[in-house]
Amino acid sequence: MSDQPEQPTGSFQPLEPDSAAAQPDVRYGAPAPKRKRNPLVIWLSVLAAVLVIALVVVIGLLVVGQGGTPAADATGTPTVTATADPTPAPTATDAAVTPAAPVRPTDCTQLFPAGYIDSVTEGGILELNPAWAQPDLATEFIGSNDNALVAVISANTDRLNCILAKSSGGGDLGITTNVLVVDDATQTAAIARMNEAGFTCSEETGGTMCFTETTEDAGTYGERHFLRDGTWIATRWSNTSITGWTQTIVSTLFPA
């Protein structure tokens with residue numbers, strides 16, 4: 001055998017290129033040849049993706065405020081932050097209401113409204129604290145005939161004494177009133193004594209009103225007492241048709 005390559009025999013004619021473009025063989029599912037992508041197209045796609053991500057981030061920042069709190073919508077209802085209400089300052093109406101003590105009168109005219117004494121002394125028969133009664137006004141004219149009550153009233157020397165009596169002096173006609181300040185124990189004891197003595201007592205004008213009346217051959221006489229907040233108005237009267245005397249004093253000292 002020779003080491004020389006075998007020489008072809010006969011004549012060899014090169015094939016002419018097919019005028020039709022070669023078509024990929026897709027039979028039996030053979031894959032199509034890969035196409036090369038244009039670099040410019042790839043770059044533009046990446047840029048578009050970056051822009052989309054940046055736009056999403058910007059929109060998120062607009063929606064979410066500082067600290068992660070959603071920003072208030074200009075057309076929506078603003079978010080209200082709850083805050084602790086300050087404790088309201090106490091007002092005069094919040095405080096416990098304590099009844100004011102009556103203005104302590106220093107003169108008998110202060111017990112009545114203007115014009116009242118003129119109306120009951122019209123005609124000149126009766127007079128308020130006539131001159132003839134002044135020397136004994138504090139010792140002889142007591143607003144009760146009950147011995148127990150007289151003892152308590154007489155012992156209180158710091159009292160206002162008023163008498164409506166005949167101007168001419170003497171006689172069993174007129175009204176005697178004492179206004180005094182007592183403690184709670186004395187007020188309670190006085191009311192208990194009146195109930196014991198047969199007085200009619202009832203709650204009135206924020207206090208206790210007690211009265212009694214008797215008619216005898218000598219005439220008609222009676223007593224009316226009002227006690228409230230340590231003030232005692234003690235009145236006895238005889239043979240007079242004046243009504244509302246004690247009630248008028250109560251209205252003056254304890255106005256509604």
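In the predicted model, strand β7 is mostly covered, since six of its eight residues are buried. Strand β7 pairs with β3 in the antiparallel sense over eight bridges, and β6 and β7 are likewise paired antiparallel over eight bridges. Within the pairing of β3 and β7, Ile 175 has Trp 237 of β7 as its bridge partner. Within the pairing of β6 and β7, Arg 228 is matched with Thr 231 of β7. The strands β6 and β7 form a hairpin with two residues between them. In the turn of this hairpin, Asp 229 has a positive phi of about 50°.

The protein as a whole contains six helices and seven strands. Read from the N terminus, its elements follow the order α-α-β-α-α-β-β-α-β-β-β-β-α. Of the 256 residues in the protein, 27% are buried. Among contacts between residues at least 6 apart in sequence, 58% join residues at least 24 apart.

The seven strands make up an open sheet with antiparallel pairing, in the order β1-β2-β3-β7-β6-β5-β4. Strands β1 and β4 (200-204) stand at the edges; each has a single partner strand, so one side of each is left without a neighbour in the sheet. From one strand to the next, the twist averages 15°. Strands β2 and β3 run antiparallel and are joined by seven bridges. In this pair, Leu 164 has Ile 175 of β3 as its bridge partner. Ile 175 is thus a point of reference for two pairings, with Leu 164 as one partner and Trp 237 in β7 as another.

Two helices pack on the sheet. Helix α5 (residues 184-196) touches β4, β5 (207-216), β6 (219-228) and β7 (231-238), and the direction of α5 makes about 150° with that of β6. Helix α6 touches β2, β3, β4, β5, β6 and β7, and the direction of α6 makes about 160° with that of β7.

The interior was next examined for nonpolar cores. The largest nonpolar core has 21 residues. Those with the most contacts inside this core are Leu 111, Phe 112, Ile 117, Leu 164, Trp 245, Ile 249 and Leu 253. Two or more residues are given to this core by each of α2 (116-120), β1 (126-128), β2 (159-166), β3 (174-181) and α6 (245-253). The largest share, four residues, comes from α6. Apart from this core lies another, of 13 residues, which includes Ile 153, Val 182, Met 194 and Cys 210.

Trp 245 illustrates how separate parts of the chain meet. When its neighbours within four places in sequence are left aside, Trp 245 is in contact with Phe 112, Tyr 116, Ile 117, Leu 164, Ile 175, Thr 177 and Thr 235. Two of these residues also share ring pairs with Trp 245 in a cluster: Phe 112, Tyr 116 and Trp 245 are linked in this way. In total, five aromatic pairs are counted.

Charged side chains were considered last. Side chains of opposite charge can pair when their charged atoms come close. The model has three salt bridges. One of them joins the side chains of Asp 146 and Arg 193, with an N to O distance of 2.8 Å. This pair links distant parts of the chain, 47 residues apart: Asp 146 lies in the loop between α3 (137-140) and α4 (147-155), whereas Arg 193 lies in helix α5. Asp 146 is buried because its relative accessible area, 12%, is under 20%. Arg 193, with a relative accessible area of 27%, is partly exposed.

The side chain of Arg 193 also meets that of Glu 196 in a salt bridge, at 3.6 Å from N to O. Both residues lie in helix α5, three residues apart, about one turn of the helix. Glu 196 counts as exposed, at 62% relative accessibility. Asp 146, Arg 193 and Glu 196 are therefore linked in a network of salt bridges.

A further salt bridge joins the side chains of Asp 229 and Arg 228, at 3.2 Å from N to O. Asp 229, the turn residue with positive phi, is partly exposed, with a relative accessible area of 46%. Arg 228, the bridge partner of Thr 231, counts as buried at 17% relative accessibility.

Conventions:
Residues numbered from 1 in each chain as written. Predicted model: local features only at pLDDT ≥ 70, side-chain atom pairs only at ≥ 80, totals over all residues. Heavy atoms only, no water. Phe/Tyr/Trp six-rings, centres within 6.5 Å; stacked < 30°, edge-to-face > 60°. Core = buried A, V, L, I, M, F, W, Y, C linked by side-chain atoms within 4.5 Å. Buried < 20%, exposed > 50% of the residue type's maximum accessible area, 1.4 Å probe, protein only. Contact = heavy atoms within 4.5 Å. Pairing = 2+ DSSP bridges. Axes fitted to C-alpha atoms, helices over the stretch in contact; angles between N-to-C directions. Salt bridge = Lys/Arg side-chain N within 4 Å of Asp/Glu carboxyl O.
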